[in-house]
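Visitor: I would like a close look at one part of this protein. Please start with the core and then show me some other places.

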Amino acid sequence: MLNSQEQAIANYMINDPNQGRPSLTLDPILASVARSRAEDMAKRNYFAHVNPDGHAANYLVQQAGYQLPSWWGNDPAANYIESIAAGYSTPQATWNGWMNSPDHRTHILGLNSFYASETYYGVGYYYDPNSTYKYYWVIITAPPQPAPKLAITSPAAGARVTDTSIAVAGTTASNSGATSVVYRVENASGTGTFKTASGVATWSDTATGLVSGTNTIRVRSLDANSNVIAELTRTVTYVQTGPLTIAISGSGSVTAGFDGTTTREVGKSYTITATPATGFLFSGWSGDITSSAATLTFTMPNSLNLTANFIVNSFIPLKGGYYGLVDSDTHPGFVRLALTPTGTFTGRVTINGSNYAVTGKFDINGAATVTIPRKNNTALTLNLQLDLTGQTGEITGTLSDGVFTANISADHAAYDGLTSVAPQAGRYTMVLAASGTDCSVAPTGSGYAVVLVAPNGVTTISGRLADNTIVSQSSMVSPNGTLPLYLTLTGEKGSVSGTVTLRDTDVSDVDGSLNWSKAANPVDVFYPNGFSTQLYAVGSRYVAPAKNSPPIAFTSGTAALGDGNIEPELDVPVTVTTTNKVAMATPGSLNFAATIARGNGALSGSFVHPGSKVTRGVRGVVLQKQNAVFGYFRGINETGYFSLSSAN
């Protein structure tokens, strides 16, 4: 009657030295209900003493024909006789779990007078790999009962069946006077006629005519005059089933037990999850239901066909950093994103000097939309498209607040610094020169920056603009050598934005065009009306010279100072020492002097401004390929240009 798992539990129960009952008797009704309880919890995927119909063990064993003491009452949710467990894969683990629980231990070992009187028992076990806990265990104990006049041993109370016919069986007491047993089926289609079962002391037959939903089997034992001696009912639920077919396209899997064609209960809710194999992505469900969500919940119809679709993961070779510009004259900015192998990305968007964090996920077509909230301002909408083919190696898109729309283009950081090294890696010096600018309207002279390109292409830029504003940024050089720049102005509203290219030519290793704008500020001494001008980037690779060697290839030259409230241009003969000092060849009232930093080629110095008679700073940077220094100085209320070149 008991299977091996159930028998193992029974052995633990009987042989435990702390067992408080003098004897234990296996009862077929209790055993049948215990197994049915375990199966019901597994198939309906719950774990509780009260089933979804509101019935507990007291009610269920009585429905099966087992008599309980009348003083226990008729509460259908009452339980005085059952212990349950779930999730333990072996009898030993299950028993240990019960014994470590004081309430279960008291019941199972009969450690008080109430439970000690429950000397009849049954054990149930059921395994369902598709349920939450998979393993379900039940022990039911009860006081001995007088031999019932009539008992139903099959079907189990509350059984869920998938056929319109069902075996019915039971027993009658030998002293009951019964000469026959009859039964009928009662359900939504009506009340059937009584049929006579085979046998009396042990009787059985096959009941037919079950319909969907609740079916009640009414059984009566009759005497020789067809008088009813006893009557019992047993309720079962007939559930329709249908074929569920799940196919897999590509490489991946679905929840265990659902692959292929299986039979499922019509009207029941099921949840299936599609999981891609390594190197693949889930691309959606197709068939009778379409969905892009990997986890699909549905109510089973009469039949259902689904396909879980998986595609090659195009994001893997595209993972890494992306750097680019928000291309707008009025709303310039910078974009920095990090893409994972699953298509998710994080990063930030900088626009008009404000930084916004972004998080999103590209769909299987490489598209993504992110809403960026802004305090006291309209939210930004970021629309992105990733080139999944890898041909352009970029993310493109737009950024908009509903009034302005700016284009975005961000290149892929293609180098890892180990197996692939950026050919542009190294140190550079760069001049940001204003061309054709009236110094009374916008700064003249040359801002400058020192640039360091790491082996992985990540680039750091630091320097000063021609009005002495400090700027810095981290960016990334693309495989074609382009470097997006968005330099925010410290302490001011404005920016420098554009793209430069790092490439080795006879004239320059850096070239590009940048837009420099500064908002009006009436308190500024220099350019209070603001300005918008264009800068031209020129540069050179920089190699620090050996000690006691100058970073430029001449020892005598000319320092030129112009604009910046100086008229006409001053051309000052200077000497360059092996310790990188620049001094006037002939000392004079101008008192020009400067030092070149050997490590990065930056020049800093000073001179006495002839107009104001005040000492002014001079800054610039060496361009080794051009064998010159370019920079700027600040005059009285205008900036001017500075250069240092060979006297020859």
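Visitor: How many residues does the largest nonpolar core have, and which of them have the most contacts inside it?

Guide: Keep in mind that this model is predicted. Its largest nonpolar core has 38 residues. Those with the most contacts inside this core are M430, V496, V500 and W516. Find these four first.

Now look at the strands behind the core. β29 (426-434), β30 (446-453) and β33 (482-488) each supply at least two of its residues. So much for the lower numbers. β34 (494-502), β35 (510-518), β36 (531-541) and β42 (615-623) each do so too.

Zoom in on M430. Set aside its neighbours within four places in sequence. M430 is then in contact with G447, Y448, A449 and V451, among others. Its contacts also include L485, V500 and V510. Further along the chain come A537, V538, G539, V621 and L623, which M430 contacts as well. One of these names is familiar: V500 is also listed among the residues with the most contacts inside the core.

Stay in this region and pick out V450. It is found in strand β30, one of the strands that each supply at least two residues of the core. The relative accessible area of V450 is 13%. Buried means under 20%, so V450 counts as buried. Leaving out neighbours up to four places away, V450 contacts Y428, T460, I461, S462, N600 and V621. V621 thus appears among the contacts of V450, and M430 contacts V621 too. For scale, take L590. V450 and L590 are 140 residues apart in sequence. Their C-alpha atoms are 28 Å apart in space.

There is a second, separate core as well. It has 27 residues, including L281, V326, A368 and L386.

Next, try Y270. It sits in strand β17 (residues 269-276). Its relative accessible area is 10%, so Y270 is buried. Not counting residues up to four places away in sequence, Y270 touches F258, R264 and E265. It also touches L296, T297, F298 and M300. Compare sequence with space here. Y270 and T299 are 29 residues apart along the chain, and their C-alpha atoms are separated by 6.3 Å.

N302 gives another picture. It lies in the loop between β19 (295-299) and β20 (304-312). N302 has a relative accessible area of 58% and is exposed. Beyond residues up to four places away, N302 touches G242, P243 and V266. N302 and N313 are 11 residues apart along the chain, with 35 Å between their C-alpha atoms.

E231 falls in between. It lies in strand β13 (residues 228-238). Its relative accessibility is 35%, so E231 counts as partly exposed. Apart from neighbours within four places, E231 is in contact with L150, R218, V219 and R220. E231 and T342 are 111 residues apart in sequence and 65 Å apart in space, C-alpha to C-alpha.

Now for the backbone. Most residues other than glycine have a negative phi, and most peptide bonds are trans. Look for the exceptions.

Two asparagines come first. N376 has a positive phi of about 55°, although it is not a glycine. It is found in the loop between β25 (367-374) and β26 (377-386). N376 is exposed, at 76% relative accessible area. N468 has a positive phi of about 80°. It lies in the loop between β31 (458-464) and β32 (470-476). N468 is partly exposed, at 29%.

Then the peptide bonds. A cis bond joins S154 and P155, with omega about 5°. P155 is placed in the loop between β5 (150-154) and β6 (160-161). Another cis bond joins E567 and P568, with omega about 0°. P568 lies in strand β38 (residues 566-576).

Finish with two helices. α1 (residues 4-15) and α4 (residues 91-99) pack at about 40°, with their axes 9 Å apart. That angle makes α1 oblique to α4. Their crossing is right-handed. From α1, the contact uses Q5, A8, I9, Y12 and M13. From α4, it uses P91, Q92, T94, W95 and W98. By class, the contact has seven nonpolar, three polar and no charged residues.

Technical notes: Residues numbered from 1 in each chain as written. Predicted model: local features only at pLDDT ≥ 70, side-chain atom pairs only at ≥ 80, totals over all residues. Heavy atoms only, no water. Axes fitted to C-alpha atoms, helices over the stretch in contact; angles between N-to-C directions. Helix = DSSP H or I, 4+ residues; strand = E, 2+ residues; numbered from the N terminus. Parallel < 35°, antiparallel > 145°, perpendicular 65-115°, else oblique. Left-handed = near helix turned anticlockwise from the far one by under 90°. Contact = heavy atoms within 4.5 Å. Nonpolar A, V, L, I, M, F, W, Y, C, P; charged D, E, K, R; others polar. Core = buried A, V, L, I, M, F, W, Y, C linked by side-chain atoms within 4.5 Å. Buried < 20%, exposed > 50% of the residue type's maximum accessible area, 1.4 Å probe, protein only.
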